[in-house]
Amino acid sequence: MIKIAVAKGRVAKQAIKLFKEFGITFSEFDLNRKLILNSDDGSVQMVLVKPSDTPIYVETGVCDCGIVGKDILLEDNPDVYRLFPLNIGRCKMCVAGFKGTDIRNMKQIVAASKFVNTAKEYFDGLGIKAKIIKINGSVELAPLLNMSDVIVDIVESGVTLKENGLSVLEEIFDIYSVFIVNKASLKMKHSSLKPFIENLQKASDRMV
């Protein structure tokens, strides 16, 4: 059985559709709150995890492979094989704040973000001295409470920003899901992983 770690929520729903494209179905999905689901044919076990934890399950070998956002791979740099991008989980990493904030003319900036390394690297690249405040919850609160000048966060529709009076100021990079594999599993389970990997890539390509 192949064990795959997948982020709960939107990515998991998109992954289910992707698996269905090549005959792997999960009838139990969305019927209960189980975090470990077996495919109907018993060939794949899907472990639903917090997005930021996905690489940990794969790196440690608890899961053979996983579907994880590019944002998390860049932030945490896990020791896994990154095989190919998938056409799911698309959004953007952005700098957001009050409309009219001109960050490129600022010598110093305070930014709130879950993605501390990403934020620091971006502002370093602009030559701006940045203080990064790590917030794991609703990062939009930081500028509203004068805790930070801006936030660095994932933006999908932009609705949450708009509802809180914030706007996208800069787009840092595009985000998409990436298929990752545990290094030992790729060797030990090569015969079962190979067809799964090939079918997954073909199914993803058809979604373009």
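Here is a short chat about the sheet and a surface patch in this predicted model.

Student: Hi! What is the strand order in the open sheet of 6 strands?
Tutor: Happy to help: the order is β2-β3-β1-β4-β11-β5, and the pairing is mixed.

Student: Which are the edge strands?
Tutor: Those are β2 (36-38) and β5 (81-85), each of which pairs on one side only. From one strand to the next, the twist averages 25°.

Student: And which helix packs on the sheet?
Tutor: That would be α1, residues 10-20, touching β1 (2-7), β3, β4 (65-69) and β11 (177-181). The direction of α1 makes about 140° with that of β1.

Student: OK, β1 then. Is it largely enclosed or not, and why?
Tutor: It is largely enclosed by the rest of the structure, because 5 of its 6 residues are buried.

Student: In which sense do β1 and β3 pair?
Tutor: Parallel, over 6 bridges. β1 also runs parallel to β4, with 3 bridges joining them. Isoleucine 4 shows up in both pairings: it stands opposite methionine 46 in β3, and its bridge partner in β4 is cysteine 65.

Student: What about β2 and β3?
Tutor: That pair is antiparallel, over 3 bridges. Isoleucine 36 stands opposite valine 47 of β3.

Student: Switching topic: which residues form the nonpolar patch on the surface?
Tutor: Phe98, Leu141, Leu144, Leu145 and Met147 do, and together they have about 460 Å² of accessible area.

Student: Where is methionine 147 found?
Tutor: In the loop between α5 (141-144) and β9 (150-155).

Student: Why does it count as partly exposed?
Tutor: Because its relative accessibility is 41%, and partly exposed covers the range between the under 20% of buried residues and the over 50% of exposed ones.

Technical notes
Residues numbered from 1 in each chain as written. Predicted model: local features only at pLDDT ≥ 70, side-chain atom pairs only at ≥ 80, totals over all residues. Heavy atoms only, no water. Patch = residues over 30% accessible without salt bridge, like charges linked within 9 Å, V, L, I, M, F, W, Y side chains within 5 Å. Areas by Shrake-Rupley, 256 points an atom, 1.4 Å probe, with all protein chains shown as cover. Salt bridge = Lys/Arg side-chain N within 4 Å of Asp/Glu carboxyl O. Helix = DSSP H or I, 4+ residues; strand = E, 2+ residues; numbered from the N terminus. Buried < 20%, exposed > 50% of the residue type's maximum accessible area, 1.4 Å probe, protein only. Pairing = 2+ DSSP bridges. Axes fitted to C-alpha atoms, helices over the stretch in contact; angles between N-to-C directions. Contact = heavy atoms within 4.5 Å.
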